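Trainee: Could you take me through one part of this protein up close? I'd like to hear about a strand and the pieces around it.

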Amino acid sequence: MRDGSVRQHSRTLRLLGSLLLVAVGVCVTKASPAQAAAPTPLDRVIPAPASVAPGGAPYRITRGTHIRVDGSREARRVAEYLADLLRPSTGYRLPVTTYGQGGIRLRLADGDFGAEGYRLSSTPRALTISARTPAGLFHGVQTLRQLLPAAVEKDTVQPGPWPVAGGTVEDSPRYGWRGAMLDVSRHFFTVDQVKRYIDQLALYKINKLHLHLSDDQGWRIAIDSWPRLATYGGSTEVGGGPGGFYTKADYKEIVRYAASRYLEVVPEIDMPGHTNAALASYAELNCDGVAPPLYTGTEVGFSSLCVGKEITYDFVDDVVRELAALTPGRYLHIGGDEAHSTSHEDYVKFMDRVQPVVAKYGKTVVGWHQLTGATPAKGALAQYWGLDRTSAEEKARVVKAAQGGTGVILSPADRVYLDMKYTEQTPLGLSWAGYVEVRRSYDWDPGAYLPGLPAGAVRGVEAPMWSETLENSEHIEYMAFPRLPGVAELGWSAAGSRDWERYKVRLAAQAERWDALGVEWYRSPQVPWGVAGQ
């Protein structure tokens, strides 16, 4: 009897405790939304918007939210992208519709938005993104994405709520070229790995994906008229791994996927140097008619196409023709860097022959800035990858070409080469250009970087990622984050809106989002990660 009383007393205490916990839970539940879901301020996003006018109560995505579009097929595609992004974490249906009131509205409209600009307006009743082009709508969606809690990036249902701060963002980019280069030649990356990087680039409004498709260590694109380029030249990589190459269908899928994220693919076939994979595949491309062995090292500057042979230009014509047919974008990159085994005279002769081939197949030439040592074609772009300490003579040559009409993409290696080590202790990457911490990568102005360069000649910025030491997506991400968002901001945001002290706080706030996305990243001591949300 006594034992039964004790058991009954225990049950009573447990019941009272449970009721007390439920009561406390109710209070917490009622308090949590206001505490945990304070909206992200409109100016907390990366890249920094052109104009922010906060005000009013937030908009909240709820179970009843729909995404409304006008009749445009392009707007519907962006709306479906947004719905696919939000459904896993919210658990909501989020139907895309052409009727109704309120909700989220994506609207193509006339206005002073520019080719990629947008306006985002958030009120308690509706959230509207307006733009003149689908690209502008897509960039507006990326801003909306960053204004939502980081948990929105997860692929399982999260508790929410999903507020967006009230007010208006009006935004457009400073430069039309905001690029990232991925070297798939030193180490090969699969279609899915490239797609993963494309999604990460899109979050920060990058609009060019430069693919470095050929080098000494591997040829990565199938060319029907020269099949051994891929099957033999693509059979290895740095360190002697299995390499790989993209079939034409693979490449088209990368191009399609990039376009769905409003990135234009810029393919690069590096020449006349960095060509050992091609020379090993076809003996006739060598001046002595002898094919060298495949190469798996990392030294540069030892290889060269045979400038004096006509078959070299048949080869170039075939490769450019087939690659141009696969590439809907405007540009084709012909490399031109570190051609140390090609005399200056031969280099000039080669570029004079090759640049018209690119134009013949409807593309605009892009080359590394050594192209300015020859005569850049009309409309060509030179990609500057020198250092702060690069000689005044070399810089002056680029400036002179720009003054003559050549556009310039800025990729200074000691600022935005994402494969450079952060510090001496960084386990990945190289250091020939120096150590590039987060602040150094961000804290410069592309418009004032090369003295004498006409402001109108600067087409934008690009962050190259060379892959001598990088073998997988985790390696790519560790070197890209947290530097990549800063390069994106250099390309998008006005110089006057950028300030390191404010930027590092906005950058710190991105860490939770990277974690939700499963992104590997480097915890730079220059960034106040722990206080980002305070």
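Mentor: Here is a walk along strand β11 and its partners, followed by a second sheet, a pocket and a disulfide. Keep in mind that this is a predicted model.

Let's start with β11 itself, which covers residues 208–212. This strand is mostly covered, with 5 of its 5 residues buried. Look at where the side chains go: K208, H210 and H212 point one way, while L209 and L211 point the other way. Both groups are buried.

Now for the neighbours. β10 (residues 177–183) runs parallel to β11, and 5 bridges join the two. Within that pairing, A180 sits opposite L209. To get from β10 to β11 the chain passes through α4, making a right-handed β-α-β crossover. β11 also pairs with β14 (residues 264–268), again in the parallel sense and over 5 bridges. There, K208 has E264 as its bridge partner.

Hold on to α4 for a moment, since this helix (191–203) also helps line the second largest pocket. α2 (73–90) and α16 (511–517) supply at least two residues each to that lining as well, and α2 gives the most, with 4 residues. The pocket holds about 380 Å³ of space and has 16 lining residues. Nearest its centre you'll find L85, R145, E153, D199 and L517. Sorted by class, the lining has 8 charged, 7 nonpolar and 1 polar residues.

Next, have a look at an open sheet of 7 strands, ordered β1-β9-β6-β7-β5-β3-β4, with mixed pairing. At its edges stand β1 (51–54) and β4 (96–97); each has a single partner strand, so one side of each has no neighbour in the sheet. Further in, β6 (residues 118–122) and β9 (residues 167–171) pair in the antiparallel sense over 5 bridges. L120 stands opposite V169 of β9 there.

Finally, find the disulfide; the structure holds 1. This link joins C287 to C306, with 2.1 Å from S to S. The angle about the S-S bond is 105 degrees, and the link is right-handed. Both cysteines are in the loop between α7 (276–281) and α8 (310–326), 19 residues apart. Their surroundings make a nice contrast: C287 counts as exposed because its relative accessibility is 57%, whereas C306, at 5%, counts as buried.

Definitions and conventions: Residues numbered from 1 in each chain as written. Predicted model: local features only at pLDDT ≥ 70, side-chain atom pairs only at ≥ 80, totals over all residues. Heavy atoms only, no water. 1 Å grid on protein atoms, 1.4 Å probe; cavity = no way out; pocket = protein on both sides within 12 Å on 5 of 7 lines; lining within 4 Å. Points joined across faces, edges and corners; volume = space filled by probe spheres on them. Nonpolar A, V, L, I, M, F, W, Y, C, P; charged D, E, K, R; others polar. Disulfide = S-S within 2.5 Å. Buried < 20%, exposed > 50% of the residue type's maximum accessible area, 1.4 Å probe, protein only. Pairing = 2+ DSSP bridges. Right-handed = clockwise from strand over helix to strand, strands pointing away.
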